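Work through the exercises below with the structure open. Each task is followed by a solution in steps.

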Protein chains: 2
Amino acid sequence: MNLTILGCYAATPRTFTNPTAQILEIRNRIFLIDCGEGTQVQLRKNKIKFSKINHIFISHLHGDHVFGLIGLISTFTLLGRTTDLSIYGPVGIKELIMMQLKLTSSWTNYNLHFHELASKESAIIYEDDKVVVKTIPLKHRVYTNGYLFQEKPDSRKLNIGAVTRFEIEKCYYQNIKNGKDVLLDDGRLIENHLLTIDPVQPKSYAFCSDTIFNETIVPLIENADVLYHESTFLESESDLALKTMHSTAKQAATIALKANVKQLILGHYSTRYDSIRLFKEEAETIFPNVILGDDGLSFEF
Amino acid sequence: MNLTILGCYAATPRTFTNPTAQILEIRNRIFLIDCGEGTQVQLRKNKIKFSKINHIFISHLHGDHVFGLIGLISTFTLLGRTTDLSIYGPVGIKELIMMQLKLTSSWTNYNLHFHELASKESAIIYEDDKVVVKTIPLKHRVYTNGYLFQEKPDSRKLNIGAVTRFEIEKCYYQNIKNGKDVLLDDGRLIENHLLTIDPVQPKSYAFCSDTIFNETIVPLIENADVLYHESTFLESESDLALKTMHSTAKQAATIALKANVKQLILGHYSTRYDSIRLFKEEAETIFPNVILGDDGLSFEF
C-alpha cells in the first residue's frame, strides 16, 4: 500500500503548497482522493500514470477539494482516454461536472460514472476481489465523507517446499490455497496448515478530511494501519477550528489514540502558520506515531 | 504599458507550462486576460497584487482559458476582497461561475459584475478617462473574442520653462494644458504650442487567441504597438490548424504584417513541439519583429 500526498494544505493553492489531493496505490489499484486546483500538474510532477486512475473519491464540494476535477477530466479526453472513469462524491458533483462540460462545449471520449452520496451512515461504495472502500461520515460545514480503504484477506499461500516434500500433484494446489486438507494415496491426511503459509495481513487506510473533532468515527476506523486526519489548526486556534468545523492537531491525535490506529498522518494545514513542525509537536503530546504530511511525500505501508 | 505572460501554452497545464493567462498593466490599471487552471498560482509567482485586479477579460469558454477563474474568485473572497470585480466574456460565463459557487456552497464578499458578450461586431466594452477596451471578434470552434486595449491621448504637458519665462500665473495652467493660447497683459498672444509639450503617444495592445487565420480582424488591430496572436501550430501542421480552427506561426506573422503592427508576440503553442524557437523562425520569414512569448516573461512597451 503506497500513499502519495499531492497536496495537503487548506484553502488556496500557493506557489509551493497545494490543496487536497492524494493517490492511494492499494493491491495494484490507483485511487485518487480529492482533486483541488492543480492536481493534474501534481500528478505529473509525481510521475503518476493518468491512465491508471479509474476511480476518484471526492470528500466534499468545497473548492480546495474539487476545483481540479474538471481540468483532469478534460485532460483525460485530450490524452485519448477511452476507459470508464468512476467518480464518488456528494450529491451535486454530477451537475457540477456535467454543467461545466456543457458550458465549455466539452465532452469526454470515455464513460463517466457518477456515484452520488447522500447517506449519513457508513456504506460500502466500492468493492472488488481485493479491495473494499467504505464511507466515513464526517461533520463539516457541508455534507462530507472520509473514505476507508481496506484490503481483503488474501487466500493462503502455497508452501512449495511442503507440497514437494509430500509429492502432492499440481491439480490439488488450488484446493490447498482455498484451505482444504489433502488425503494422500497412502491414506495420510495432511492438514492444510502444513501445506500453506499465512497470507500477508490485509492493510487499511482511513482518509478523514475535512471534519470537526468527531468521536463517532472512531468505531469505523478502529485499528486502521494508517489514518490521515485533517489538522487545520493548532490548539491555540481551537475556537477557529470549532467555528469553521475543522480539527486541531491535538484533536486529530486524540482520534488516532481512541481508534488505536498504527500511524497518524497530519494535513490540511492552515497557511497561517510559519512551520508545520508545530502540528507534529502538538499531536505527539497525545499520540506517539505521527507523520507530518506534506506535498510530494510518498509513504509505503 | 507592461505585459506579463502567466501562461501561453495550448491545452492542458503541465509541470513547466501553463494555459492561457496574461496581465496587462496599462495606465496604472491591471487587467487579467484569460484565466486557465493554475492562474492564481502564476499570479503569485509573478508577484502580481491580487487586490489590483478589478477587470477580467475571458476570450472564450474553453477550459484552458477559463478553468482557473472559479478558483481565483474564491481566493479573492478568502483574501477578504470587498471591491467589485468585473468579468467580461461570452454568454454563459455567468452561469458557469454562479453555478459553481452555488454547488460548492460558496459566495463572494464583493460584487461580481458579469458583462456577457454575444455580438459578432467589434464593440467598446470598457472605457474610463485613460483606457478603452474593444472586442476583436475571432473565429474559433466556439464564440470567441480577442481584446484591443487602447490608451487615450493624454492632454498636452505644461512646458514649465516656457510658462515661467513668460511669467504666466498658475491659474492659467489648466487652460494651457487644455490647448488654449494665453493673452499677456502687454497684449502679446502666446500660442499654446510655445507653452506646452506634446503628450506621450498613446499605445495599444491587441490580444488575439484562439482563432483561425482571419484577415477580417486586420482593420481592427491596424498599427497596434503590440499584437499577441496565437500560433498553436507550425505550417507543417496547417491542416490541423484548419481542422481545430487555430493558426500557424506563419499565419500569425501574416496578420501582423497586414495590420502593420510594431511587434508580434507568439503564443498558445501546441505542446507537440520540442522547441518553440521553431515558431519564431517560421514567423520571421514573414514579419521581422517577432517576440517568442513564454510563461513568466514580462514586456515593457
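A salt bridge here is a side-chain nitrogen of Lys or Arg within 4 Å of a carboxyl oxygen of Asp or Glu. The model is predicted.

**Exercise 1. Salt bridges within a chain**

Task: Find the salt-bridge partner of A:Asp225 and state which parts of chain A the pair ties together.

Solution.
- Step 1. Apply the 4 Å cut-off. A:Asp225 pairs with A:Lys262, and their closest N and O atoms lie 3.3 Å apart.
- Step 2. Place both residues. A:Asp225 sits in the loop between α7 (218-221) and β15 (226-230) of chain A, and A:Lys262 in the loop between α9 (249-258) and β16 (263-267), so the bridge ties together parts that are 37 residues apart in sequence.
- Step 3. Check the burial of the acid. Buried means under 20% relative accessible area. A:Asp225 has 12% relative accessibility, so A:Asp225 counts as buried.

Task: Do the same for B:Arg29 and B:Asp128, then assess the exposure of B:Asp154 and B:Lys157.

Solution.
- Step 1. The side chains of B:Arg29 and B:Asp128 form a salt bridge, at 2.6 Å from N to O.
- Step 2. B:Arg29 belongs to strand β3 (residues 29-33) of chain B, while B:Asp128 is in the loop between β7 (124-127) and β8 (131-138), so this pair ties together parts that are 99 residues apart in sequence.
- Step 3. B:Asp128 is buried, at 17% relative accessibility.
- Step 4. Turn to the second pair. B:Asp154 and B:Lys157 form a salt bridge, with the closest N and O atoms 3.6 Å apart.
- Step 5. B:Asp154 is partly exposed at 26% relative accessibility. B:Lys157 is partly exposed at 37%.

Task: How many salt bridges are there over all chains, and which residues of chain A are linked in a network with A:Arg27?

Solution.
- Step 1. The count over all chains is 25 salt bridges.
- Step 2. A:Arg27 is linked in a network of salt bridges with A:Glu151, A:Asp154 and A:Lys157.

**Exercise 2. The annotated residues of chain A**

Task: Where is A:Asp64, and is A:Asp64 buried or exposed?

Solution.
- Step 1. Start from the record. The unreviewed UniProt entry annotates A:Asp64 as "active site".
- Step 2. A:Asp64 lies in helix α2 (residues 63-66) of chain A.
- Step 3. The relative accessible area of A:Asp64 is 15%, so A:Asp64 is buried.
- Step 4. List the surroundings. Beyond four places in sequence, the contacts of A:Asp64 include A:Pro19, A:Thr20 and A:His268. The A:Asp64 side chain also reaches the backbone nitrogen of A:Ala11, at 3.2 Å.

Task: Which residues carry the UniProt feature "binding site", and why can they be said to gather at one spot?

Solution.
- Step 1. The unreviewed UniProt entry places "binding site" at A:Asp64, A:His65, A:Asp210 and A:His268.
- Step 2. They span 205 residues in sequence, but no two of their C-alpha atoms are more than 10.5 Å apart, so they gather at one spot.
- Step 3. Inspect A:His65. A:His65 is in helix α2 of chain A and is buried, with 0% relative accessibility.
- Step 4. Among the residues that A:His65 touches, beyond four places in sequence, are A:Asp34, A:Cys35, A:Asp210 and A:His268.

**Exercise 3. The interface of chains A and B**

Task: Describe the interface by its area, contacts and composition.

Solution.
- Step 1. Take the area. The size of an interface is often given as the accessible area lost when the parts come together. Chains A and B bury about 2,700 Å² between them, with 65% of it on carbon and sulfur atoms.
- Step 2. In chain B, the residues losing the most area to chain A are B:Glu37, B:Phe67 and B:Leu103, together 23% of what that side buries.
- Step 3. Count residues. On chain B, 33 residues are in contact with 33 residues of chain A.
- Step 4. Count polar links. The two chains share 6 residue pairs in polar contact and 1 salt bridge. A:Lys102 and B:Glu95 meet in a salt bridge through their side chains, at 4.0 Å from N to O.
- Step 5. Assign elements. α1 (39-45), α2 (63-66), α3 (69-78) and α4 (93-103) of chain B each give two or more residues to the side that touches chain A. α4(B) gives the most, with 6 residues.
- Step 6. Sort that side of chain B by type: 12 nonpolar, 15 polar and 6 charged residues.

Definitions and conventions: Residues are numbered from 1 along each chain as its sequence is written. Chains are lettered from A and ligands numbered from 1 in the order in which they are written. This is a predicted model: local features need pLDDT of at least 70, side-chain atom pairs count only at pLDDT 80 or more; totals for chains, interfaces and linings use all residues. Side-chain values use heavy atoms; hydrogens and water are left out. UniProt positions are given in the numbering used here, feature names are shortened, and annotations may be inferred rather than shown by experiment. Helices (H or I, at least four residues) and strands (E, at least two) are DSSP runs, numbered from the N terminus. Buried means under 20% relative accessible area, exposed over 50%, partly exposed in between (1.4 Å probe, protein chains only). Contact means heavy atoms within 4.5 Å. A polar contact is a pair of N or O atoms within 3.5 Å; within protein, one must be able to donate a hydrogen and the other to accept it, and residues adjacent in sequence count only if both atoms are side-chain atoms. Buried area is the accessible area (1.4 Å probe) that two parts lose on being put together, summed over both. Ala, Val, Leu, Ile, Met, Phe, Trp, Tyr, Cys and Pro count as nonpolar, Asp, Glu, Lys and Arg as charged, and the others, Gly among them, as polar.
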